[in-house]
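Please read the report below alongside the sequence and the coordinates, and follow each section on the structure itself.

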Amino acid sequence: MNRDGYEYEFITRIVELVSSKIKQDAFHVGDYPVGLESYSEAFNYDVFLSFRGSDTLHGFTGYLYKALHDIGIHTFIDEDLKRGEEITQEIVQAIEESRIAIIVLSINYASSSFCLDELATILDCLKRKRLLVLPVFYNVDHSQVRLQEGSYGEALVKHEESLKHSMEKLEKWKMALHQVANLSDFKIKHGYSTLPIFFTL
């Protein structure tokens, strides 16, 4: 199968998974019931997409957004490639008002402090049992994310140089990366609350 065909099949899998989760009346994260339908009034979006724009906006993530949109899944996507260093309140609110977060962990994801702030916010919502998280490892091995090696380790070294007076934020990012790479162990009543999805060319 060629690259385009593989990406199409891969995106179809994700869309089917998201659609099935949205249709569920309720499921459990750990011992806590999370009824997406019963909490529908609290959600403005079905899906929030977290991604590194320069890596995947005009490719994988763009195609994924279109596939979700085409079947009526209301999805938040920030298409601004010139966004600032820090996460905005608009983005925080969009995350908190979404049912599901899809995190596309690509090679340069960790080089963006904005993406890392998104990730930390998403993991905080997961901790509060308000969000289902689907990590997608796009041309990245999950061990690189968990152990902060390769491009992820290099990015964090650069962040450390610029965050000498805010090491707490750096540690929060590191913890979030470690957690998102381990989410496959987090079970719910009907399957998994997090399904790690790998895409390698």
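## Disulfides and cysteines

With a disulfide taken as a pair of cysteine sulfur atoms within 2.5 Å, the count in this predicted model comes to 0. Two cysteines can be placed with respect to the surface: Cys-115 has 0% relative accessibility and therefore counts as buried, and Cys-125, at 2% relative accessibility, counts as buried as well.

## The two sides of helix 4

Helix 4 spans residues 89-96, and within this stretch Ile-91, Val-92, Ala-94 and Ile-95 are buried. Seen down the axis of helix 4, these buried residues fall within an arc of 160 degrees, so they line one face of the helix. Gln-89 and Glu-90, which lie on the other side of helix 4, are exposed.

What do the buried residues of helix 4 pack against? Their partners are three strands, namely strand 3 (45-50), strand 4 (75-76) and strand 5 (98-105), together with one helix, helix 5 (113-127).

## The chain as a whole

The chain contains 8 helices and 9 strands, and 49% of its 201 residues count as buried. Among contacts in the chain with a separation of 6 or more, 79% are accounted for by residues 24 or more positions apart.

The accessible surface of the chain comes to about 10,300 Å², and carbon and sulfur atoms contribute 49% of that area.

Definitions and conventions: Residues numbered from 1 in each chain as written. Predicted model: local features only at pLDDT ≥ 70, side-chain atom pairs only at ≥ 80, totals over all residues. Heavy atoms only, no water. Buried < 20%, exposed > 50% of the residue type's maximum accessible area, 1.4 Å probe, protein only. Helix = DSSP H or I, 4+ residues; strand = E, 2+ residues; numbered from the N terminus. Arc of directions from axis to C-beta. Contact = heavy atoms within 4.5 Å. Areas by Shrake-Rupley, 256 points an atom, 1.4 Å probe, with all protein chains shown as cover.
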